[in-house]
Amino acid sequence: MNWQLIEQLRLRLGANGLPYEIPVHPQLVHITLGLLIIAIVFDIAGALFPLEKPIFKFLGLTAIRSSFFDVGWYNLIGAAAITFFTVAAGFFELLLANPPVDQKSAWGLNAGWTMLLHGLGGVLLLGIIVAMTVWRGLQRYRWRKDASRQVQWSYLLAGIAIMGILFVHGTLGAQLGEEFGIHITAANTISNNLYNK
């Protein structure tokens, strides 16, 4: 925990080790994940539209291929924008973390290494999501603006790979909360009661 930062900012930390009741980073993470997953899934649906068209017709749904790509594009822009705030909140909460020193995660990492990998991974994913957004924008407005399939297959494969990376990265974050009890009110209350006896 960075006590100098706490003193400089005159923060009053609650039972969860944060100056507010509910951690912000996990909330923003789920918004980022939702927007990114929806973006990739809708772009895949748009790319596979000729195969899906009979299904939509059978179900009586009117669907337009370009609408799938619109949903993918605007959700990706949202994901890129919110990820800046997600990473910023994550680093702020990481600076206020008080990790246990004698524990290891299910992956055999201690809390310090898990925090380091999660923090660096967050910055890396921010860069990847922004790069994906630029790549997607070039496809939408330059390279494939007149094509019926607005995205390249390589873009879709990269999106699926990024979802796999997000799974690994999210597991590290979950380990910080679940296994190390970082910024978890109940875990901090129990550990404080144990140390005060």
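In this text, a helix is a run of at least four residues that DSSP marks H or I, a strand is a run of at least two marked E, and both are numbered from the N terminus. With that in hand, let's walk through the structure above, which is a predicted model. The chain has 7 helices and 0 strands, so its pattern, read along the sequence, is simply α-α-α-α-α-α-α.

Start with the chain as a whole. It has 197 residues, and 37% of them are buried. Its accessible surface comes to about 11800 Å², with 67% of that belonging to carbon and sulfur atoms. Now think about which residues meet. Take the contacts between residues at least 6 apart in sequence: 74% of these join residues at least 24 apart. Keep that in mind as you look at the examples below.

Let's look at two helices together. Helix α2 covers residues 24–47, and helix α5 covers residues 111–143. These two pack at an angle of about 35°, with their axes 13 Å apart, and their crossing is left-handed. Which residues meet between α2 and α5? From α2 come His25, Thr32, Leu36, Ile40 and Asp43, and from α5 come His118, Ile129, Met132 and Arg136.

Two of those residues deserve a second look. The side chains of Arg136 and Asp43 form a salt bridge, with 2.9 Å from N to O. Because Arg136 sits in α5 and Asp43 in α2, this pair ties together parts that are 93 residues apart in sequence. Are these two residues buried or exposed? Both Arg136 and Asp43 are buried.

The structure holds 2 salt bridges, and the other partners to find are Arg140 and Asp70, whose side chains also meet at 2.9 Å, N to O. Arg140 belongs to helix α5 and Asp70 to helix α4, so this bridge links parts 70 residues apart in sequence. Here the partners can be described one by one. Arg140 has a relative accessible area of 11%, so it is buried. Asp70 is partly exposed, because its relative accessibility is 29% and the buried class ends at under 20%.

Stay with helix α4, which runs over residues 65–95, and find Asn75 in it. Why is Asn75 counted as buried? Its relative accessible area is 15%, and buried means under 20%. Leaving aside residues up to four places away in sequence, Asn75 touches Leu35, Ile38 and Ala39. You can also compare Asn75 with Ile37: the two are 38 residues apart in sequence, while their C-alpha atoms are 8.7 Å apart in space.

Next, return to His25, which is found in helix α2. At 17% relative accessibility, His25 counts as buried. What does His25 touch, if residues up to four places away in sequence are not counted? Its contacts are Thr86, Ala89, Gly90, Glu93 and His118. You have already seen His118 in the list of α5 residues that meet α2.

Finally, move to the outside of the model. Trp113, found in helix α5, joins Leu116, Leu117 and Leu120 in a nonpolar patch on the surface. Together these four residues have about 400 Å² of accessible area. Helix α5 therefore gives you several places to look: Arg140 in its salt bridge with α4, Arg136 in its bridge with α2, and Trp113 in this helix as well.

Notes: Residues are numbered from 1 along each chain as its sequence is written. This is a predicted model: local features need pLDDT of at least 70, side-chain atom pairs count only at pLDDT 80 or more; totals for chains, interfaces and linings use all residues. Side-chain values use heavy atoms; hydrogens and water are left out. Patches are made of residues with over 30% relative accessible area and no salt bridge: like charges are joined within 9 Å, nonpolar side chains (Val, Leu, Ile, Met, Phe, Trp, Tyr) within 5 Å. Accessible areas come from the Shrake-Rupley method with a 1.4 Å probe; for residues, only the protein chains shown count as cover. Buried means under 20% relative accessible area, exposed over 50%, partly exposed in between (1.4 Å probe, protein chains only). Contact means heavy atoms within 4.5 Å. Axes are lines fitted to C-alpha atoms, for helices over the stretch in contact, and angles run from 0 to 180 degrees between N-to-C directions. A crossing is left-handed if the near helix is turned anticlockwise from the far one by less than a right angle, and right-handed if clockwise.
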